[in-house]
Amino acid sequence: MANDGAAVFWLSILAIFVGLLSWAPKPAVRKICGILLIIFSIYGFFINGLFFTFAFIFLMIAGCLSLIMKPKNKDKDITA
């Protein structure tokens, strides 16, 4: 169990880093980070079981949103 706890800790650190990178403006980086977040959530669920179920569900949602959502275009001309 100690090894699983350490694995979940480092997985959480990686998930935070990848989650911050998923806000990148480049679509390729967002796609890679979204896929990594989904992989982290599935792996974390299997190594830790039901203890952090909600955390891994939110990781899965974040990964899906990173793949689906498009960045907003800030270059629109707002003239009346």
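1. Helix H3 makes the greatest contribution to the lining of the largest pocket, giving 3 residues to it. Helix H2 also takes part, since H2 and H3 each supply at least two residues of that lining. A student should keep in mind from the start that the structure discussed here is a predicted model.

2. The largest pocket has a volume of about 310 Å³, and 14 residues line it. Those that lie nearest its centre are Ser 22, Trp 23, Arg 30, Ser 66 and Met 69. When the lining of this pocket is divided by residue type, 8 of its residues are nonpolar, 3 are polar and 3 are charged.

3. Ser 22, one of the residues nearest the centre of the largest pocket, sits in the loop between H1 and H2. Is Ser 22 buried or exposed? Its relative accessibility is 6%, and because buried means under 20%, Ser 22 counts as buried. If neighbours within four places in sequence are left aside, Ser 22 is in contact with Arg 30, Cys 33, Leu 37 and Ser 66; of these, Arg 30 and Ser 66 are also named among the residues nearest the pocket centre, while Cys 33 and Leu 37 belong to the largest nonpolar core.

4. As for the overall plan, the protein contains 3 helices and 0 strands, and along the sequence this reads as the pattern α-α-α. The protein has 80 residues, of which 28% count as buried. Taking the contacts between residues at least 6 apart in sequence, 57% join residues that are at least 24 apart.

5. Which residues make up the largest nonpolar core? There are 10 of them, namely Val 8, Leu 11, Ala 15, Val 18, Cys 33, Leu 37, Phe 40, Ile 47, Phe 56 and Leu 59. The elements that give two or more residues to this core are helix H1, which runs over 2–21, helix H2, over 27–48, and helix H3, over 53–68.

6. Leu 11, a member of that core, touches Phe 40, Tyr 43, Gly 44 and Phe 56, when residues up to four places away in sequence are not counted. Two of these partners, Phe 40 and Phe 56, are themselves listed in the core.

7. Ser 12 has its place in helix H1. With a relative accessible area of 33%, Ser 12 is partly exposed, because this value falls between the 20% cut-off for buried residues and the 50% cut-off for exposed ones. Although Ser 12 and Phe 56 are 44 residues apart in sequence, their C-alpha atoms are 9.6 Å apart in space.

8. Leu 20 likewise has its place in helix H1, and the reader may ask whether this leucine is buried or exposed. At 54% relative accessibility Leu 20 counts as exposed, because exposed means over 50%. Between the C-alpha atoms of Leu 20 and Cys 33 there are 8.9 Å in space, while the two residues are 13 apart in sequence.

9. The cysteines deserve a separate word. The structure holds 0 disulfides. Cys 33, part of the largest nonpolar core, is buried, with a relative accessible area of 5%, whereas Cys 64, at 30% relative accessibility, counts as partly exposed.

Methods
Residues are numbered from 1 along each chain as its sequence is written. This is a predicted model: local features need pLDDT of at least 70, side-chain atom pairs count only at pLDDT 80 or more; totals for chains, interfaces and linings use all residues. Side-chain values use heavy atoms; hydrogens and water are left out. A nonpolar core is a set of buried Ala, Val, Leu, Ile, Met, Phe, Trp, Tyr and Cys residues joined through side-chain atoms within 4.5 Å. Buried means under 20% relative accessible area, exposed over 50%, partly exposed in between (1.4 Å probe, protein chains only). Helices (H or I, at least four residues) and strands (E, at least two) are DSSP runs, numbered from the N terminus. Contact means heavy atoms within 4.5 Å. A disulfide is a pair of cysteine sulfur atoms within 2.5 Å. On a 1 Å grid over the protein atoms alone, a cavity is a set of points where a 1.4 Å probe fits but cannot get out, and a pocket is an open set with protein on both sides within 12 Å along at least five of seven lines; lining residues have an atom within 4 Å of a point. Grid points are joined across faces, edges and corners, and a volume is the space filled by probe spheres set on the points. Ala, Val, Leu, Ile, Met, Phe, Trp, Tyr, Cys and Pro count as nonpolar, Asp, Glu, Lys and Arg as charged, and the others, Gly among them, as polar.
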